[in-house]
Amino acid sequence: MNAYSVSGKVELKKTSFQESFKSISKKTDQSKSSLPFVEEVTPACSLSVSGVSYRVSERVGPWWDIPSYRKKWTRQILKDVSFYVESGQIMGILGNSGSGKTTLLDAIAGRLGSTGTLLGDVYVNGGKLKREQFQDCFSYVLQSDNLLSYLTVQETLTYTAQLALRKHSPEAIRKKVASVMAELSLSHVAGNVIGGRVFPGISSGERRRVSIASQLLQDPKVLLLDEPTTGLDSMTANQIVVLLSELAQKDRIVIVTIHQPRSELFRVFSRIAIMSCGELVFCGEPEEMVQFFSGCGYMCPEYCNPFDLYVDLTSVDTRSKEREIETYNRVQVITSSYQSSDTFLQMLGNAEKTRRLKQQPPIPFKSKESPSGFSKLWVLFRRTVRNLSRDRMGVLMRLSQNLIYGLFVAFFLMKLDNDVLKGAVQNRIGVIYQSMGASPYTGMLNAVALFPALRAISDQESKDGLYQKWQVLLAYIFHILPFSIISVAIFSSFLYWTVGMYPDLTRFACFSAVILVPHVVGELLALVLLGVVQNPNLVNSGVALLNIAGIMAGSGFLRSSQEMPKLFQWLSYLTFQKYGCELLIVTEFYGLNFTCGGETNSSVGGVYPCDIRQGIEFIDRAYPGAPSRYTLDFLMLYAFLPALVILGVISFKIRDYIVQR
Ligand SMILES: Nc1ncnc2c1ncn2[C@@H]1O[C@H](COP(=O)(O)OP(=O)(O)OP(=O)(O)O)[C@@H](O)[C@H]1O
Ligand SMILES: [Mg+2]
């Protein structure tokens, strides 16, 4: 009777399949009628998904094949998926790669982007959820763990709790974190750091459990997990699933997508759903699954893992056209058998019943007592500082990179001379050019190295409803200020006095204050771009090009401002380099007297380069009126900082629409 053979050859014996299917139905009916009268208990929570379909419009070919690129086709990723689960149950969604498991979870969790069309309804406790309520109702653990490497397990959970729960006192938060850690067997690693790729921390199984624990802090009644066992050894994977089933037993609904579960988990799952090509091929209890497939003519041989067998059986094999047609037809037959089976009808009946309840229990939204925006910002700031300040190499690099650059300049230049024939003017311009031109790069490097990890976490946590993405950006910006001030102070203290710039404390302070801005602007520009550009390498190039363009148009070093075409002159007002360079020129040159070949009098005056004997002469020639604009230039220069912060916030608001998953 077994129509499924190892070679994959399938014979569909319709009549025998129908007969055996009838026998299952009979058995189910008999078993129902033989049951003594049991009062039906309304579950604490129920979730029913009804007719969920998702389709996207895609280009037929790649962009370089223009005729096919112009054409579009509609791809159905989810097809009329319906199922029902109640609290206390753990449902495992199986299926081959690309069958639509993650898309189904995303659809339920309200995390599908706006690129496709989502149809169908989701009911919780019989109440139909509005689209915007999806995220408030379900907790979602993504496939990859996004955690801050330098925080301990306890700190990670405490910060998450502080972001999620307002009405809780510090003591209540401590207790909540302790109880969640105990529930997930994390208490013994509470003080261990999470770790990352470059330094060891807790194990990957423990990291998975921390991700789950972060979600449990909000007391969700429905927990969705996308492949929580991926990358774990089979023992740890089993432990995670068993733990999830224990969580489900505490009146929760747990839905997990899973690849290749071990056969021991057969008894752990309360429901199994098998997906293929976006359709639900089967959904029911594990025993029902075996009965159903046996009824379809596919007996599970002894010592064979039923999960593997049935997933293979319901996968479409695309290796050849014939195999594809054959396997696709097989899946269609199994799907239509399921849709006319008692299991399916009973499931629809249960869903309908909860919708018709006279007194529907309230929809269990996640704990929504989140703190005020300012408190969240404060928590995010403390979390960012604590995490990044523990990165010793990172801190060292951030504080010393400007200094290292200053060392290069000082080593190359040695001492500034006051003799025009020995480069008094040219060398000063060189120092100013290098200081203005290089400091944005060091700022940019910091942002590109450190921020993407925080961005990934904010993408996830903002979808969890903990805060808005731009709040993480603001917390990061606040945290860079002290680092930038110290780093620039070290750089300018070294360079200014070593090369012998204008020996005056006030001017030194002005020099440092000016150099601080391009350094911070470089970092802010990178942050603005990181909001809308996913690839940090592209951001690197973008900021570098903007900086080169800015220094060319704004500094007046490559081409005198007065000589530039009008368009460039106007554009130069949009560059921070224009104000910065002008300020540094005045700071350094104003009141300076030069010699020419050792002569202080003007006997050789009037002949280039000896026609410049005073700094003010150079200023008047290259930057006319600059001393009178000193305060204005400072204001304009510093105005770039709030302007870029606002741009950053806008960019991270746009990111809400860009990030799909
Ligand atoms: N927004 C989208 N646009 C186009 N195709 C999409 C989109 N979202 C998902 N898909 C496609 O839908 C199919 C199902 O994807 P999904 O990630 O849900 O599969 P999966 O079952 O989770 O696979 P895996 O087991 O490998 O994680 C894939 O072929 C994927 O490329
Ligand atoms: Mg997936």
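This dialogue reads a ligand shell and a domain contact in a predicted model.

Colleague: How are the residues and chains labelled, and which residues count?

Modeller: Residues are numbered from 1 along each chain as its sequence is written, while chains are lettered from A and ligands numbered from 1 in the order in which they are written. The model is predicted, with local features needing pLDDT of at least 70 and side-chain atom pairs counting only at pLDDT 80 or more, whereas totals for chains, interfaces and linings use all residues.

Colleague: Which residues come nearest to ligand 1?

Modeller: A residue is near a molecule if its C-beta atom, placed from the backbone, lies within 6 Å of it. Here 13 residues surround ligand 1, and S97, G98, K101, T102 and T103 come nearest.

Colleague: Which element gives the most to that shell?

Modeller: Helices (H or I, at least four residues) and strands (E, at least two) are DSSP runs, numbered from the N terminus. α3 gives the most, with 3 residues; β1 (46-59) and α3 (101-109) each supply at least two.

Colleague: How do the shell residues divide by type?

Modeller: Ala, Val, Leu, Ile, Met, Phe, Trp, Tyr, Cys and Pro count as nonpolar, Asp, Glu, Lys and Arg as charged, and the others, Gly among them, as polar. The shell around ligand 1 has 2 nonpolar, 9 polar and 2 charged residues.

Colleague: Into which domains is the protein chain divided?

Modeller: Domain bounds come from an automatic or database domain assignment. This chain has domain 1 (45-284 + 340-355) and domain 2 (373-658). Their C-alpha centres lie 46 Å apart. The contact (C-beta atoms, placed from the backbone, within 7 Å) takes 14 residues from domain 1 and 15 residues from domain 2. On the domain 1 side, α5 provides the largest share, 5 residues.

Conventions:
Two residues are in contact if their C-beta atoms, placed from the backbone, lie within 7 Å.
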